[in-house]
Amino acid sequence: MKNICKWIGLLSIVVTFILPFLFLLGQVELEAMKQGLLIATVVWFGTAFFWIGSKESKPTPDGDSIL
Amino acid sequence: MKESPQEVSESHVVEEFETTPVPERAHKGAKAFWGMYSGEHAAGTEFMIGPLFLLAGVSLQNIFWGLLLGNLLAVLSWRYICAPIATKARFTLYFHLEKIAGKKLVKIYNLANGVLFCFLAGAMITVSATAVGIPFNLEMPAFDAIYPNSASFVIIVLAVGAVISAVAGFGYNAVSRFANIASPWMVLIFLGCGIVALKQLGVDSWAGLEAVWTESISFAQGGELKTSMGFLEVVLFAWFCNAAMHVGMSDLSVFRYAKKSSSGWATAGGMYVGHYMAWLAAALMLAAQIKLTQSSDPVPGPMAFNVVGIAGIICVVVAGWTTANPTIYRAGLAFQAMLPGTSRLSMTLLAGSVATIAAIFPAFAFKLLGFVGLYGTILAPMGAVIFADWYLSKRIGITPFHAEVSGCGVNKSVLFAWLIPVAVSLYFIFVQGITTWYFVLPAWIACGVLFLVFSRMRGTSSAN
């Protein structure tokens, strides 16, 4: 299950990467690209929770970068 | 910092080595830092900063080359100023500074940090609110707006701020995990925004892009072509945008885990993804918006919606939310340190309330370029104290870690070395109206020099 989610998630990320380039090259229409990105987004968040582990650290007052 | 029993038990699990050097077994390779920096610098504020360059009338060439050089200088600052000390001392900024400046002074510095964090988080809440407002047909505030333009805007900001503050107070771990998951997707959405905007601009050459860019500036400035930022200003802004983290030594806390100081190069991932690609993408989004809708208001939600649709709205909300959360959490910790006996939850909610009130005023988000410079001017000089103490104190006969050796709560040499250049800078910024990012480097150098001079004059062998 975890592996399947991982591969589907990675596929959705590849789609997220490729779709804007396809629009740039005139291979897809703007609305189709927007819908594709939304579907890829839903798939990514739907699958990534199953295989991307939790980050256990809380930020210290001066920890992570924020800008 | 006083902690409740619950905090103490949590801290053993998640906040290790706060008062001891990080041991070798906990050291991490460079790969961990590349991932961390690349993701964390693609934040909600990037949606604001990029368009503000266009509105400031910065030429396309100055943006491309200025950001390239400024970000390189930022990377070099991390690599050669912050990371070497971090990998030798292996302390957090606060513990390191406590040894030099004293516990009480560090609390004051921490409070300044917390207050500035609140305003930064406020800008992020505003950014998120502009996206949340789209389904409600919210009328967005204009670029020159100081006050909210409608009751609906206030209600949406209050709702977004309440949710973000509550989550920062009650469910930080869940947001942290969500931020990890969102990070690679967000970077690609930023990239997608830039590519789609480029296509919408309808250009096929550099000259064409430059012409459209100049037209966009002219439109935004009501037919004029004036610039408040040249090449030098862009370089300084990009360099000192995160001054508190590199020359200000905040990231000692991060790089204390690095095996080698060469891990400092990993910040290039954050700079060139978040502060180059994402800023350029966001700037192109505004240019596309001007062309398509004749609106030059740099409101992130509608801009992202125009180019990539609902995914863009989600990206703006997520980018603002995931970065506002740790910021409010940290501000809460800073307030808690100043008010012993209070709970972390109540202080986080207080910080969230301050941030939410700030978010109601869109000017905080729209004046972000200046605010970021102010943030660096106030906080970064303390890094010069650490730098001077580490490399120069022994050479000129000063005892390193003076506060630790003498047991003083406030090292007055540090206090005045910090306050004098910051006060002079604030005078020029607020009274003379000079741009903030000119003062970060002079204040940093002055603070380091004054610290050495005052320490030498006062002597360091007795408690001061």
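Is B:E404 buried, partly exposed or exposed? Select B:E404 in your viewer: B:E404 is partly exposed, with a relative accessible area of 45%, where buried means under 20% relative accessible area, exposed over 50%, and partly exposed in between (1.4 Å probe, protein chains only).

Before going on, keep in mind that this is a predicted model, in which local features need pLDDT of at least 70, side-chain atom pairs count only at pLDDT 80 or more, and totals for chains, interfaces and linings use all residues. Residues are numbered from 1 along each chain as its sequence is written, chains are lettered from A and ligands numbered from 1 in the order in which they are written, and side-chain values use heavy atoms, with hydrogens and water left out.

**First stop: the salt bridges**

Keep B:E404 selected and add B:K99, because the side chains of these two residues meet in a salt bridge (2.7 Å, N to O), a term that stands for a side-chain nitrogen of Lys or Arg within 4 Å of a carboxyl oxygen of Asp or Glu. The pair links distant parts of the chain, with B:E404 in helix α19 (residues 402-406) of chain B and B:K99 in helix α5 (residues 93-101) of chain B, 305 residues apart. Helices here are DSSP runs (H or I, at least four residues), as strands are (E, at least two), and they are numbered from the N terminus. B:K99 counts as buried, at 9% relative accessibility.

Now select A:K34 and A:E31, whose side chains form a salt bridge at 3.8 Å, N to O. Both residues lie in helix α2 of chain A, three residues apart, about one turn of the helix. A:K34 counts as buried at 14% relative accessibility, whereas A:E31 is partly exposed at 49%.

For another pair, pick B:E224 and B:K226, where the closest N and O atoms of the salt bridge are 3.6 Å apart. B:E224 is partly exposed, with a relative accessible area of 43%, while B:K226 is exposed, with 51%. Over all chains the count comes to three salt bridges by this rule.

**Second stop: chain A and its contact with chain B**

Show chain A alone, and you will find two helices and zero strands. Of the 67 residues in chain A, buried residues make up 45%.

Next, bring chain B back and colour the contact (heavy atoms within 4.5 Å), which takes 34 residues from chain A and 61 residues from chain B. The area buried between the two chains is about 4,300 Å², of which carbon and sulfur atoms give 66%; buried area is the accessible area (1.4 Å probe) that two parts lose on being put together, summed over both. On the side of chain A that touches chain B, α1 (2-24) and α2 (30-51) of chain A each supply at least two residues, and α2(A) gives the most, with 10 residues. Zero salt bridges are found by the rule across this interface.

**Last stop: a nonpolar patch**

Finally, select B:L232, B:F416, B:I420, B:V424, B:Y427, B:F428, B:F430, B:V431, B:I434 and B:Y438, which form a nonpolar patch on the surface. Helix α20 (residues 412-431) of chain B gives the largest share of the patch, seven residues. One residue to centre on is B:F430, which is found in helix α20 of chain B and is exposed, with a relative accessible area of 60%. Patches are made of residues with over 30% relative accessible area and no salt bridge, like charges being joined within 9 Å and nonpolar side chains (Val, Leu, Ile, Met, Phe, Trp, Tyr) within 5 Å.

Terms used: Areas by Shrake-Rupley, 256 points an atom, 1.4 Å probe, with all protein chains shown as cover.
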